[in-house]
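Morning, everyone. Please bring the structure up on your screens, and I will walk you through some of its features.

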Amino acid sequence: IPWMGSENMNEFSATVDLRSEDGPVELLVATLGFGYVTINGKPISQDILSYSGWTNTNKRVLYRSYNITGLLNARGQSSIFVGLGCGYRCDPQGRFPAYRDGEKRLHDSIPKVFRLQIMQNAKLMFHSGSVGWLGRQGPVQQDSVYDGEVFVSAALDAAWRSAVPLPSGAGPQGKMVPASFPGVQITGVDEPRSITNPSTGVHVVDFGSNVAGVTSISVPRPANVSLRHGELLQHAHIPGLLKPDPSRVYFGNLRSAKQEDTLVLDRAVADWWPRFTYHGFRYVEVYGYPGDLLKTDIKRLRLNTAVEDKASANFSDEVLQAIHLGSKGAQRSNLMQVPTDCPQRDERLGWMGDASLSADSIMLHFDYGSMAAAFVDSMVDDMDAGALPDVVPYQRFGGMPADLSWNSAFFETLRSIWKTAGNLAPARTHWGAMKSNVAELMRQLSEAGSLRKLPEPYGDWCPPPSKPGVSSTQEHPSKGFAAAFSLVRTLKHASELANALGKPEAGSWSATAGNLTCEFHNAYYNNTTGVYDNGAMISYVLPLALGATPDELKPAVLQKLVKRINHSNNTWTGGIINNRFIFDVLHEHGAADLALAMLQKRSYPSYGYMYFNELEPARECMWELPDAPFEGDGMNSRNHHMFSSVGHYLMTHVAGLSHGPGDREITAAVGLLEHASSVILTAHGRAQFAWTQLPSKISVQVAVPVGMTAYVHLPVESDVVIDVRHGGAVLSTEQTILHHMYY
């Protein structure tokens, strides 16, 4: 079946003679870059942006299947409409596709294409190569995932003309594969919090939080209206902003991305929204709106891959609550067909470092398993002789081989799918790629000559400067320290997965990982001073996380870590890799109270500072830079998930609810707060846990799905009376191990 597309057409239509009464009808469709389909004017599904996601289309092209029986006319003809946009395949400024794999794609020169077939009773009835297709350049005169849409309503009346499919062999060459994860959908609608009119012809709309989505607007009469989206208002601390106007939106950190939708209207429109772009924003500046812009005229449509929420918590501490919502929010805004880094600037790429650090947290927060497995498929598509790139799909930025901490996303994701969802199928499917990647890691180690000499393009990215806005005051370990840690940790994960798969390589990989763990300690530990590496905070965190510190040295190393934290005003000084492990390390070595105190801080640098500073308090997001308000426009997203790994710690150790250790088990541990409650959606139902600590008693409530066992940990002495009740009846503590309803 050929692809359909054209350089000068972005809308296609056809009429099919199918009767719903003759049997069920299925439509199978792939749209590249972005695209959508309607039948008789009604969308075939809630999926938007693209039915095909974002893959290396020389290797795989995703398609989706929909039952359209209910959309057809019962008797007679039905109309099919296909709208196409650039997505990641074209861009007015030439930023996409920017393939970095070096492959020539002369066969695939038309960026906006679709492949479609309609089946009835398992018989092919119509497809993208059938006679009768018409096409035109519709009202979307220009579109860009970075810059937005230009919509000209007069083109709604443009004439249709005959459209022909691409020649045989033209178009993407990748294998057609059914999409296995949810599509991007509208997952929420927000009303404006406020609308101001700072100058003639300009309205500023505040939606109250920073998320990914688009703006829907109604315009009552002909006008030229533009909507530009940004994350924050101007303030005096932004470098290079000579005359900040706090009533206006700041766009500098978008870099070359415009995030602007323009409507050229010769008629009124109601509830218009762009179909071929998305933005990351809290604020919208609206230019040229005819009359007063009211709250009923404009709203925000939240967009993200429609994965189900799996975990949530409520804390008695408002800082912890803000961090929890920010962690989930940053992740949700970046679940956009692939796990991207940010939703607003001229990037929005599948950076592997971010995906690696957030893997466990996203898997806990959302039903991410199928999307994660698809992302692993894309990693393998872009693998070259075992080497992975920093960015998947491999476009625009990054290098190959990847930084070893970025490469770790491959095994980190496979392991998280296994440990969290109990699913070894992706690891089994990609066993060959796993062996190739391990071989590549060993090649890099051999070429370097030792762990201390491994290459490290990025390392522990974005530690907070001790002086905000002055990057020279950042704390870093020696170059290669994080890379060495990540290589050894990846080999440990590889051996665990190999053992679970019953592969003979498990033994040799485990032995190599064990030897390298010892080598890591010997390479970086100074026996005279008792200091790892250069004494930076991360230099104590990573050896403890890796299990490299001998047992007899752990108390002293922990003491040095605690002292380092105390001397840093009880906060963290490391970057994204440090923060992925520091709280777990403290908790596991008996310093959970210090971990909690660090998380409850509001002063700079801290997570709390993001949400409770006076310049630009974050909402439902996390900053890329801990000192974001004082940094410039080079790399300063306000909605990045690379620091969001902390969400996993908040759920499992502060809220105290986790799945495991067995498949049908949950662990609920009362923590240090006065009150917390949490919910995790397991494969067997909702597990709930809440506690309140009073001076004389602790009240605990646990809801356990039928068929599961809960292990409840209480901070009490052995002689304390424990009163366990179900429905008012007193139960013995032994009964609670066997009972599977509510306690």
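Let's start inside. α8 gives the most to the lining of the largest cavity: five residues. Keep in mind that this is a predicted model. The largest cavity holds about 130 Å³ of space. Its lining has 15 residues, and those closest to the centre are Ser356, Ser405, Ser408, Ser486 and Arg489. Which elements give two or more residues to this lining? They are α2, α4, α5, α8 and α12. By class, the lining of the largest cavity splits into six nonpolar, seven polar and two charged residues.

How many cavities of 30 Å³ or more are there? The count is five. The second largest cavity has a volume of about 100 Å³. Among the residues that line it are Leu32, Trp54, Tyr88, Arg89 and Gln395. The classes in the second largest cavity are five nonpolar, six polar and one charged.

Now the largest pocket. It offers about 1,400 Å³ of space. There are 43 lining residues, and closest to the centre sit Asp360, Lys419, Thr420, His648 and His659. Which element supplies the largest share of this lining? That is α5, with six residues. Others supply at least two residues each, including α2 (352-365), α10 (537-546), α15 (646-654) and β30 (657-659). α8 is also one of the elements that supply at least two residues to the pocket lining. By class, the pocket lining has 15 nonpolar, 15 polar and 13 charged residues.

On to the strands. Look for the open sheet of four, in the order β25-β32-β33-β34, with antiparallel pairing. The edges are β25 (311-315) and β34 (698-703), and each of those pairs on one side only. On average, neighbouring strands in this sheet are turned by 5 degrees against each other, direction ignored. Zoom in on β32 (residues 675-682) and β33 (residues 685-693). They pair in the antiparallel sense over eight bridges. Leucine 681 stands opposite arginine 686 in β33. And β32 comes up twice, since it is also among the elements that each supply at least two residues to the pocket lining.

Next, the backbone. Most residues other than glycine have a negative phi, and most peptide bonds are trans. Here are some exceptions. Valine 392 and proline 393 are joined by a cis peptide bond, with omega about -10 degrees. Find proline 393 in the loop between α3 (369-381) and α4 (404-407). Tyrosine 604 and proline 605 also share a cis peptide bond, again with omega about -10 degrees. Proline 605 sits in the loop between α13 (592-599) and α14 (607-612).

For positive phi, take glutamine 259, with a value near 50 degrees. It lies in the loop between β20 (249-250) and β21 (260-265). Is glutamine 259 buried or exposed? Buried, because its relative accessible area is 0%. Aspartate 271 has a positive phi too, near 55 degrees. This aspartate 271 belongs to strand β22 (residues 269-272). Its relative accessible area is 43%, so aspartate 271 counts as partly exposed.

Last stop, lysine 467. Look in the loop between α7 (431-448) and α8 (481-500). Lysine 467 counts as exposed because its relative accessibility is 52%, and the cut-off is over 50%. Along the chain, lysine 467 and aspartate 627 are 160 residues apart. In space, their C-alpha atoms are separated by 8.7 Å.

That's my tour. Over to you.

Definitions and conventions. Residues numbered from 1 in each chain as written. Predicted model: local features only at pLDDT ≥ 70, side-chain atom pairs only at ≥ 80, totals over all residues. Heavy atoms only, no water. Buried < 20%, exposed > 50% of the residue type's maximum accessible area, 1.4 Å probe, protein only. Pairing = 2+ DSSP bridges. Axes fitted to C-alpha atoms, helices over the stretch in contact; angles between N-to-C directions. 1 Å grid on protein atoms, 1.4 Å probe; cavity = no way out; pocket = protein on both sides within 12 Å on 5 of 7 lines; lining within 4 Å. Points joined across faces, edges and corners; volume = space filled by probe spheres on them. Nonpolar A, V, L, I, M, F, W, Y, C, P; charged D, E, K, R; others polar.
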